[in-house]
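Welcome! Grab a pencil and work through a few short exercises with their solutions.

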Amino acid sequence: MKDRAEDLCCRICRPGKEVMFSGILVKHFCAQQQTAKAQLLIRRKNGMPEDPIIVNLPNDPQLKSAKTITTIVYALQAASFFSGGATLLAAVVINYVKRDDVRGTWLESHFRWQIRTFWFSLLWSVLGYLTFVAVIGYFILVANMVWLIYRIAKGWLDLSNDKEMYRRF
């Protein structure tokens with residue numbers, strides 16, 4: 001089995017990135033490859049996850065651009081209440097197109113949140129419209145609207161505070 005430290009180096013070393021190993025911020029990962037191999041062995045021995053946590057630097061222009069796109073997607077989701085849902089569809093298309101740009105960053109969790117918001121909202125909307133003739137459809141649609149407002153508000157607030165979604169406590 002090939003040593004993962006070498007693969008990790010090629011995958012993570014990008015301008016504007018730092019790597020967190022066991023609570024220690026490591027700069028210039030390529031120059032620290034031997035240390036990384038030792039850290040990887042320690043992590044394996046202690047049963048810790050092998051992949052390091054990628055920490056994005058605040059002045060990373062790619063991260064700022066991705067955060068702006070994420071904000072635009074939340075705005076499109078919010079505008080869907082006035083557009084009959086068309087901007088909600090546009091928002092999920094942007095999510096799928098830009099998904100690779102945020103992979104490995106804290107914004108990836110926001111994209112997952114936004115995509116799931118779209119699909120579950122669509123599911124509950126269809127279910128609500130199908131059962132609208134029975135009175136229960138009305139309640140499903142109202143609950144879906146409240147849930148959608150919650151998802152947009154929570155996501156947007158966490159984004160503005162630079163927090164990722166699905167945090168583990």
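The exercises below go from the whole protein to single helices and then to a pair of residues.

This is a predicted model, in which local features need pLDDT of at least 70, side-chain atom pairs count only at pLDDT 80 or more, and totals for chains, interfaces and linings use all residues. Residues are numbered from 1 along each chain as its sequence is written, and side-chain values use heavy atoms, with hydrogens and water left out.

**Exercise 1. Describe the overall make-up of the protein.**

Step 1: List the elements. Helices (H or I, at least four residues) and strands (E, at least two) are DSSP runs, numbered from the N terminus. The protein has 6 helices and 3 strands, and their order along the sequence is α-β-β-α-β-α-α-α-α.

Step 2: Look at burial. Of the 169 residues, 34% are buried, where buried means under 20% relative accessible area, exposed over 50%, and partly exposed in between (1.4 Å probe, protein chains only).

**Exercise 2. Check the length of helix H5 and find what covers it.**

Step 1: Work out the expected span, which is 1.5 Å times one less than the number of residues. For the 24 residues of H5 (residues 107-130) this gives 34 Å.

Step 2: Compare. The end C-alpha atoms of H5 lie 35 Å apart, which agrees.

Step 3: Find the buried residues. Among them are Leu107, Phe111, Trp113, Phe118 and Ser125. Their cover includes helix H3 (61-83), helix H4 (86-102) and helix H6 (136-160).

**Exercise 3. Do the same for H4, and look for a bend.**

Step 1: The 17 residues of H4 should span 24 Å, and the end C-alpha atoms are 24 Å apart, in agreement.

Step 2: A kink of about 40 degrees is centred on Tyr96 in H4; the bend at a residue is the angle between axes fitted to the seven residues ending there and the seven starting there.

Step 3: Buried residues of H4 include Leu88, Ala91 and Val92, and H3 and H5 are among what covers the buried residues.

Step 4: After H4 comes Gly104, with a positive phi near 90 degrees.

**Exercise 4. Is Ser125 buried or exposed, and what does Ser125 touch?**

Step 1: Ser125, in helix H5, counts as buried because its relative accessibility is 18%.

Step 2: Leaving aside residues up to four places away in sequence, Ser125 touches Leu141 and Asn144, a contact being heavy atoms within 4.5 Å.

Step 3: Turn to Met145 in helix H6. Met145 is partly exposed, at 40% relative accessible area, and its C-alpha atom is 8.9 Å from that of Ser125, 20 residues away along the chain.
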